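Colleague: Please take one part of this model and describe it closely, then follow its connections into the rest of the chain. I would prefer a single connected account to a list of separate remarks.

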Amino acid sequence: MLTELTQLRDAALAQLSPIWDDAALEAWRVKFIGRNGALAGAMTKLGALAKEERPAAGKLANEVKLALESAFEAKIGAMKQRALSESLESEPLDITLPGRPVKRGRLHPATANLREMYRIWREMGFQVFRSREIESDETNFQLLNIPPHHPARDNWSTFYIADTDERVLLRTHTSPGQIRAMRELGQNGTQPIRVILPGMCYRYEQISARYEIQFNQVEGLAIGRNVTFADLKGTLTEFAHRMYGERPVRFYGDHFPFTEPSAQMDVQCIICNGKGCPMCKYTGFLEILGSGMVHPTVLRNGGYDPNEWSGFAFGMGAERIAILKHSIEDIRYFWGNDLRFLEQF
Ligand code: PHE
């Protein structure tokens, strides 16, 4: 049996080497390694061998099988190679033809916009802190001073993804990252913090030209011993100037349960420069973010003593800005993955 197998292998390899055309190669395959080929035939005889002879014969049969299969693959490669060189030699090659242009990839407009924001905040001393998209009710709401059944919850239509003892949800804003940043970076309320927290947020909305169920926010958090509302105004004004150019900004009172006082910031309309246009609804200004001084309860929940520490926070929608800048009339284009849209950026 062992001799039969080695002879079979040697004969097969010897017959393979002069083959250079597809039909002969296929015939060789059928003859030796096909389902009813010589090797398969030899293998059926293994069962009839005496028990002691079987392991050695089986092992050799497998080796022969692998050897023939790899020789077959190698032959295919060699034949392709030969065909290519033959065609290169025989067919004329016009090296003056222009090459085919390579299509360059590019960043998604939302990514490019986010990176621009990271750059500016980095220059202003803010590090990126990544927080999770799947959150607990506790962190997304309760620790931010929004207890169960509080009417402010209406502002954040929520996707609940599990209703266990602790409700699990998709974060409705990046603000729960404030709690996680304070607890992870604050070292029990002893260290100052200066971070931005970017990322996807989800809301249970009716999707339309103006509302999507997902969007990026960029949250910011600065905690220190003497952080004041003046710091908030100065920092956000500086950001707006770096992002949108030196144009007027204005702050006015707003309400969020997790900041006190709270303020909305507007920048002069980047479309009409304050003259009034449909984009700014003829007010001359565009709302770009919500902000405020971190509420004492939230500071305490993050491990800080509000008598010694203070801070400001802000949150802005990232796509909104790109929409305004490029006059994009439908927010659904952002996640629609339509190349006709994406290639415009
Ligand atoms: N989280 C708020 C929102 O989604 C924005 C905000 C963040 C307001 C931080 C104040 C401070 O609308």
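Modeller: Just after α7, Q187 adopts a positive phi of about 45°; the model in question is a predicted one. N188 likewise has a positive phi, of about 55°, although it is not a glycine. Most residues other than glycine have a negative phi. N188 belongs to the loop between α7 and β5 (193–202), and it counts as exposed because its relative accessibility is 70%, over the 50% cut-off.

The helix that precedes this loop has a contrasting environment. Of the 10 residues of α7, 7 are buried, so the helix is largely enclosed by the rest of the structure. Those buried residues are P176, G177, Q178, I179, R180, A181 and M182.

On the other side of α7, T174 lies in the loop that joins β4 (167–170) to the helix, which spans 176–185. T174 is buried, because its relative accessibility is 0% and the limit for burial is 20%. Setting aside neighbours within four places in sequence, T174 is in contact with L197, P198, G199, C201, Q217, V218 and E219.

S175 is found in the loop between β4 and α7, and it also counts as buried, at 3% relative accessibility. Its side chain makes a polar contact of 2.8 Å with the side chain of E219. Not counting residues up to four places away in sequence, S175 touches L144, E219 and F258.

S175 also leads to the ligand. A polar side-chain atom of S175 lies 2.8 Å from a nitrogen atom of the ligand. Two further side chains place an N or O atom beside a ligand oxygen: for W156 the distance is 3.4 Å, and for R203 it is 3.1 Å. The protein covers 92% of the 330 Å² of accessible area that the ligand has on its own.

In total, 15 residues surround the ligand, and the closest are H173, S175, R203, Q217 and E219. By residue type, the shell divides into 5 nonpolar, 8 polar and 2 charged. Among the secondary structure elements, β6 (214–224), β9 (285–294) and β10 (310–317) each supply at least two residues of this shell. The largest share, 3 residues, comes from β10.

These strands lead on to the nonpolar interior. In soluble globular proteins, nonpolar side chains tend to be buried together. Here the largest nonpolar core has 34 residues, and those with the most contacts inside it are M117, W121, F239, Y244, F312, F314 and M316. The elements giving two or more residues to this core are α5 (109–123), β6, α8 (229–244), β8 (259–268), β9, β10 and α10 (318–325). The most comes from α8, which gives 6 residues. F239 illustrates the packing: leaving out residues up to four places away in sequence, it touches M117, I120, W121, M124 and M316. Apart from this core lies another, of 23 residues, among them W156, L197, V294 and A313. Two members of this second core have appeared above: W156 has a side-chain N or O atom 3.4 Å from a ligand oxygen, and L197 is in contact with T174.

Two further backbone features concern β8 and the loop that follows it. The peptide bond from E260 to P261 is cis, with omega near -5°, and P261 has its place in strand β8. Most peptide bonds are trans. In the loop between β8 and β9, N273 has a positive phi of about 50° although it is not a glycine. N273 is partly exposed, with a relative accessible area of 41%, whereas N188, at 70%, counts as exposed.

To close, I turn to the start of the chain. L2 is found in helix α1 (residues 2–16) and is partly exposed, with a relative accessible area of 44%. Outside its neighbours within four places in sequence, L2 is in contact with A56, A57 and L60. The C-alpha atoms of L2 and E86, 84 residues apart along the chain, are separated by 41 Å.

Key:
Residues numbered from 1 in each chain as written. Predicted model: local features only at pLDDT ≥ 70, side-chain atom pairs only at ≥ 80, totals over all residues. Heavy atoms only, no water. Helix = DSSP H or I, 4+ residues; strand = E, 2+ residues; numbered from the N terminus. Buried < 20%, exposed > 50% of the residue type's maximum accessible area, 1.4 Å probe, protein only. Contact = heavy atoms within 4.5 Å. Near = heavy atom within 4 Å. Polar contact = N/O pair within 3.5 Å; in protein donor to acceptor, adjacent residues only side chain to side chain. Areas by Shrake-Rupley, 256 points an atom, 1.4 Å probe, with all protein chains shown as cover. Nonpolar A, V, L, I, M, F, W, Y, C, P; charged D, E, K, R; others polar. Core = buried A, V, L, I, M, F, W, Y, C linked by side-chain atoms within 4.5 Å.
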